[in-house]
Each structure stands twice: as structure tokens, then as C-alpha cells.
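Student: I would like a close look at a single part of this model, followed outward to the parts around it. Please take it slowly and give the reasoning along with the values.

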Amino acid sequence: MAITFEGVLADRSTWTLENCSIAMTMDLIGTRSSMVILREAFYGTTRFDDFTRRTRLTDAIVAARLKDLTEIGLFSRRPYREPGQRTRSEYLLTDKGRDLLPAVFALMQWGNKYVQDEEGGPLSLVERGTGEPVIIGPRTASGKNLELEDLAIVANGDWAGPRDS
């Protein structure tokens, strides 16, 4: 079974989605290099040389991705200076960047299950203190876990059409 479409979206032959949020997000951050830089930022990396070393990407790629990710508001830059060195920038996740946590770790969760061997990947996301595995998946705002069959897509904003008063 699949996600259902409700209301004005029920007849999929009558509409297309040119401004799809998934496609637009992938256009902004959909490169492998962007995702591994985001991964490292969630792991606490903030400095250019550390991003380069930990991602094994070239200086040019890290510089370009950090510039792009900063321009779209996922990182902010903060100057720092080591004794005897020139001033450089640290790259810190903004709230907008931190909000990508479920997407980044959902990819890790999926990869651990379907790309790695039976034992899973080298890392697992757990709750600090308890060690309980964290599961990324669909749930309601009240916290109820959902399956694919429980989900529906509804029109939002202008797509919803005129509202009754």
C-alpha cells in the first residue's frame, strides 16, 4: 500500500507538482559531499581542515560546499584565531541546519539496514544515557508512530483552494 492523497489531490491526473519540496531540497543540498559535511557538523566538526580530513574530500570541494551551505543558511561563520596564525572561520550549524538531523540520520538508519552487513553499519544513533536506539520515522505531532499505510497527503496553502468562512 502507499500514501493516499486526499481532497483536491485525490485525482492525481489533474495536478502536477512543479515546486516539490523534496526536489527543491535536493537541488540545494543533494550532493554526497554536502551530506558528509553535514554529517561531520552533527558530529561536532567546525573547522575547515577537520572537515577536509574527516570527509576525505578535497580542499576545493569542502570550500565550495561550505560556501554553498552557508549561503543557504545551514551554517554560520564565526572567526577564530590560533596563537601566531591568521584569523580563520569556524562553521556552526544554524537552527535551519540542525533541523536536517532527521533527514541525515534517516539515511544512516536506512544504510545500516540495507547497505551494510547483517550487523549494521559502524555507527548507531542512541539516546545518551540510556543507550536505547533512536528510530527515525513517521510520527504525529503528538508522538504516535505511523506506518506508510497510515499516511495521507493533503493540499497546503494555495493548493487547498478557497476556504469556507
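Student: Is Arg56 buried or exposed, and where is the place of Arg56 among the helices?

Tutor: In this predicted model, Arg56 counts as exposed because its relative accessibility is 79%, and a residue is called exposed when that value is over 50%. The place of Arg56 is in the loop that runs between helix 3 (48-55) and helix 4 (59-71). The backbone deserves attention here as well, since the phi of Arg56 is near 60°, a positive value in a residue other than glycine. Most residues other than glycine have a negative phi.

From that loop one can turn to Glu40, which has its place in helix 2 and touches Thr45, Phe51, Arg54 and Thr55, when residues up to four places away in sequence are not counted. Glu40 counts as buried because its relative accessibility is 7%, and the limit for a buried residue is under 20%.

Helix 2 (32-42) is also included in what covers the buried residues of helix 6. Those buried residues of helix 6 are Val104, Phe105, Met108, Gly111 and Asn112. Seen down the axis of helix 6, they fall within an arc of 115°, and they therefore line one face of the helix. The face turned away from that buried side carries Leu107, Trp110, Lys113 and Tyr114, which are exposed. The length of helix 6 can be checked too: its 14 residues, 101-114, should span 20 Å at 1.5 Å a residue, and this agrees with the end C-alpha atoms, which are 20 Å apart.

A further link leads from Val36 to Val154, for these two are 118 residues apart in sequence and 33 Å apart in space, taken C-alpha to C-alpha. Val154 lies in the segment after strand 4, and this residue is exposed because its relative accessible area is 52%. With residues up to four places away in sequence left out, Val154 touches Glu6 and Leu9.

Strand 4 itself (residues 152-153) holds Ile153, which counts as partly exposed because its relative accessibility is 35%. Together with Ile3 and Leu148, Ile153 makes a nonpolar surface patch of about 210 Å².

Definitions and conventions. Residues are numbered from 1 along each chain as its sequence is written. This is a predicted model: local features need pLDDT of at least 70, side-chain atom pairs count only at pLDDT 80 or more; totals for chains, interfaces and linings use all residues. Side-chain values use heavy atoms; hydrogens and water are left out. Patches are made of residues with over 30% relative accessible area and no salt bridge: like charges are joined within 9 Å, nonpolar side chains (Val, Leu, Ile, Met, Phe, Trp, Tyr) within 5 Å. Accessible areas come from the Shrake-Rupley method with a 1.4 Å probe; for residues, only the protein chains shown count as cover. A salt bridge is a side-chain nitrogen of Lys or Arg within 4 Å of a carboxyl oxygen of Asp or Glu. Helices (H or I, at least four residues) and strands (E, at least two) are DSSP runs, numbered from the N terminus. Buried means under 20% relative accessible area, exposed over 50%, partly exposed in between (1.4 Å probe, protein chains only). The expected span of a helix is 1.5 Å times one less than its number of residues. The arc is that of the directions from the helix axis to the C-beta atoms. Contact means heavy atoms within 4.5 Å.
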